[in-house]
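Trainee: I am new to this structure and would like a close look at a single part of it. Please take me through that part slowly, and then show me how the rest fits around it.

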Amino acid sequence: MNVTPAELKKIADLARIELNDAELERFSAELSPIIDYAAQLREVDTSDISYASHVDDFNDTVLQEDVPVDPMLPEDTFKNSHNRKKGSTFITGNIQ
Amino acid sequence: MTISETAAKIRSGELKAVDLAAEHLKAAHTTGKELNAFITVIDQAIERAKQIDEMVARGEDPGVLAGIPCTVKDVIMTKDIRTTASSRLLENFIAPYSATAVERIEAAGAVIIGKTNSDPFAFGGSGENSGFGPALNPLDRERVPGGSSSGAAAAQAAGIGMFALGTDTGGSVRQPSAFVGVTGFKPTYGRNSRYGLIAMASSFDTVGVLGNSVEDVALVEEVLAGKDSNDATTYDMPVPAYSRDLKESVSGLRIAVPEEYFSEGIEPLVEQRVEEALEKYRKAGATVERVSLPILKYAIAMYYVLVPSEISSNMARYDGVRFGHKDFADYDENLRKTRGAYMEDEVKRRVMIGTYALSAGYADQFYNTALKVRVKLTKEIETVFKSYDLIAGPTAPSVAFKLGELVNNLLQMYLSDIYTVTANLTGCPAISIPCGMGAGDMPVGLQLMAKRFDEQTLFNAAHFYQTSR
């Protein structure tokens with residue numbers, strides 16, 4: 001299956017990655033054989049198999065007691081964000 | 001000297017943690033630098049080692065890893081220390097908290113001397129994708145140390161740190177361990193906490209250990225394993241004393257060897273060394289039998305659909321708000337341009353493969369099909385484990401390749417994970433141990449895989465091989 005540079009442009013847009021034309025050419029040449037290789041999965045008979053997104057259902061693990069703990073301070077949580085000023089979490093544009 | 005022997009000397013005061021830390025830090029700054037094994041060397045480790053010595057002087061017990069110098073892969077968060085995921089996208093990221101794995105080894109007395117280089121976000125099998133340049137194989141500096149835990153493997157093989165924390169999503173602990181000739185272990189999915197690990201593919205990721213011996217690795221795993229309330233996929237099951245309970249007998253052990261592992265693409269000397277290793281098990285009373293598992297042919301195909309799909313979702317958080325670069329005022333412009341500018345090529349490739357596999361029109365053909373094939377594989381592997389204790393084979397089809405050798409052949413690069421991905425697809429524990437030398441006098445790895453939560457059988461069988469020379 002061939003992924004054309006034009007198709008790849010759509011994918012890159014969906015993924016919010018800006019690529020120049022040279023990159024689109026190169027990545028489409030690199031990714032086509034991988035997509036092709038992955039397409040062989042269609043050979044496998046999965047008619048009697050149902051979906052699972054995990055190797056386990058984790059039924060035994062997800063419920064736990066709701067115990068309050070000391071939260072991380074906002075200044076720690078957001079210390080790597082750029083739009084900050086003292087006393088606020090971060091700045092956004094006006095929300096209308 | 002083993003970790004346990006070294007820790008005993010530190011706990012008795014015979015050996016000073018500070019001297020050991022100084023020695024390893026010096027090696028990190030010299031040999032480690034030449035190998036490009038580290039992104040950050042943690043000089044404050046000296047202070048931490050002093051605290052360990054002071055605890056000993058006060059009569060307190062610092063723990064089973066007392067004063068043991070170790071390294072941590074840079075995709076694992078270390079509070080207040082730069083954690084880059086080996087990507088330029090996070091080159092200035094200071095971790096606001098430590099991963100559970102880090103907290104646990106530190107609570108047991110370990111001294112972290114540095115953050116190791118890897119493929120960015122652990123995407124790769126050679127270390128060459130790193131935003132900070134490739135790490136080199138200490139056994140032959142023209143070769144890769146494997147990946148993605150490239151710096152961890154390079155440091156471990158060069159004797160820098162007594163163990164290394166790595167991550168294994170498709171073989172990223174085991175394959176580099178094989179390439180540099182050390183022991184590399186990947187736990188059962190759900191055994192070790194993923195909290196504080198920068199996510200790659202959340203249903204595959206595990207924190208694993210590289211070490212000098214099975215005994216050392218088993219001891220570290222005792223510290224890492226167990227329930228963590230911050231990771232809902234961890235199990236509340238007792239953690240056995242793996243290292244204390246190690247057995248050297250393999251009599252009666254049943255080992256399955258998939259014949260698909262010895263098809264095209266394997267180097268003759270890799271095959272020979274693995275056969276010789278299996279012969280050793282046979283002579284010691286184990287049953288070693290060939291089995292047929294045709295579905296293994298599809299392991300790489302399902303892996304390279306499911307993992308990039310999970311990656312594309314996990315990577316959406318790098319939006320320049322909470323972390324990442326902020327070069328443009330407009331949110332959307334910054335998002336597209338900084339992801340384009342700072343994501344390494346392999347990061348872009350995987351995000352795009354995943355986006356493709358999940359996009360409308362292709363999701364059924366790729367993502368949903370791969371999920372079903374994964375269930376089928378898991379069932380077939382479970383069936384094998386009804387008759388056998390272990391599945392054995394090579395860790396990788398080749399020895400460590402030359403730097404640059406596979407960078408222009410992406411599919412070939414991906415196929416070097418062909419034997420390791422099955423353990424991640426099925427959630428099983430697996431280990432790679434050195435089993436002699438292959439082409440170019442480079443080490444070969446023997447891989448053993450056990451059923452889920454049967455780490456003890458895995459460690460016993462690997463320990464047998466290492467102690468029966």
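Trainee: Which residue follows α1(A), and what is the sign of its phi?

Mentor: The residue that follows α1(A) is Arg16(A), and its phi is positive, near 55°. Please keep in mind throughout that this is a predicted model.

Let me begin with the helix itself and work outwards from there. Helix α1 of chain A runs over residues 5-14, and its buried residues are Leu8(A), Ile11(A) and Ala12(A). These three lie on the same side of α1(A), because the arc they cover around the axis is only 100°. As for what that side meets, the buried residues of α1(A) pack against α2 of chain A together with α12 (345-358) of chain B. The partners of α1(A) therefore come from both chains, since α2 belongs to chain A and α12 to chain B.

The setting of this helix is chain A, whose secondary structure comes to three helices and zero strands. Read along the sequence, the chain has the pattern α-α-α. Of its 96 residues, 15% are buried.

From α1(A) we can move to the other chain, since 43 residues of chain A are in contact with 51 residues of chain B. On the chain A side of this contact, α1, α2 and α3 (74-77) each supply at least two residues, and the largest share, eight residues, comes from α2(A). Sorted by class, the side of chain A that touches chain B has 25 nonpolar, 11 polar and seven charged residues.

Within that contact, one pair of helices can be followed in detail. Helix α2 of chain A, residues 21-38, packs with helix α10 of chain B, residues 299-314, at an angle of about 115°, and their axes are 8 Å apart. The crossing of α2(A) past α10(B) is left-handed. On α2(A) the contact is made by Ile34(A), Tyr37(A) and Ala38(A), and on α10(B) by Ala301(B), Tyr304(B) and Val305(B). By class, the residues of this contact of α2(A) with α10(B) are six nonpolar, no polar and no charged.

Going further into chain B, we come to what the UniProt record says about it. In an unreviewed entry, UniProt lists residues 23-458 of chain B for "domain: Amidase". In the model, the end C-alpha atoms of residues 23-458 of chain B lie 33 Å apart, and the span is 36% helix and 14% strand. UniProt also places the feature "active site", again from an unreviewed entry, at Lys73(B), Ser148(B) and Ser172(B). Although these positions are spread over 100 residues of sequence, they cluster in space, with a largest C-alpha distance of 10.9 Å.

Two of these positions deserve a closer description. Lys73(B) sits in strand β2 of chain B, which covers residues 69-73, and it counts as buried because it has 32 C-beta neighbours inside 10 Å. Not counting residues up to four places away in sequence, Lys73(B) touches Thr116(B), Ser118(B), Ser149(B), Ala152(B), Leu165(B), Gly166(B) and Thr167(B). Ser148(B), by contrast, lies in a loop, the one between β3 (111-116) and α6 (150-157) of chain B. Ser148(B) is likewise buried, since 35 other C-beta atoms lie within 10 Å. Leaving aside neighbours within four places in sequence, the contacts of Ser148(B) include Ser118(B), Asp119(B), Phe123(B) and Ser172(B). The backbone here also has a cis peptide bond, which joins Gly147(B) and Ser148(B) with an omega of about 10°.

Finally, we can return to the backbone feature with which you began, the positive phi. In chain B, Ala85(B) has a positive phi of about 60° although it is not a glycine, and Asp441(B) has a positive phi of about 55°, although it too is not a glycine. Ala85(B) is found in the loop between β2 and α5 (100-107) of chain B, whereas Asp441(B) is found in the loop between β10 (430-437) and β11 (443-450) of that chain. Their surroundings can be set side by side: Ala85(B) counts as buried because it has 29 C-beta neighbours inside 10 Å, while Asp441(B) is exposed, with 9 other C-beta atoms within 10 Å.

Definitions and conventions
Residues are numbered from 1 along each chain as its sequence is written. Chains are lettered from A and ligands numbered from 1 in the order in which they are written. This is a predicted model: local features need pLDDT of at least 70, side-chain atom pairs count only at pLDDT 80 or more; totals for chains, interfaces and linings use all residues. Axes are lines fitted to C-alpha atoms, for helices over the stretch in contact, and angles run from 0 to 180 degrees between N-to-C directions. Helices (H or I, at least four residues) and strands (E, at least two) are DSSP runs, numbered from the N terminus. A crossing is left-handed if the near helix is turned anticlockwise from the far one by less than a right angle, and right-handed if clockwise. Two residues are in contact if their C-beta atoms, placed from the backbone, lie within 7 Å. Ala, Val, Leu, Ile, Met, Phe, Trp, Tyr, Cys and Pro count as nonpolar, Asp, Glu, Lys and Arg as charged, and the others, Gly among them, as polar. A residue is buried if 20 or more other C-beta atoms lie within 10 Å of its own, exposed if 12 or fewer, and partly exposed in between; C-beta atoms are placed from the backbone. The arc is that of the directions from the helix axis to the C-beta atoms. UniProt positions are given in the numbering used here, feature names are shortened, and annotations may be inferred rather than shown by experiment.
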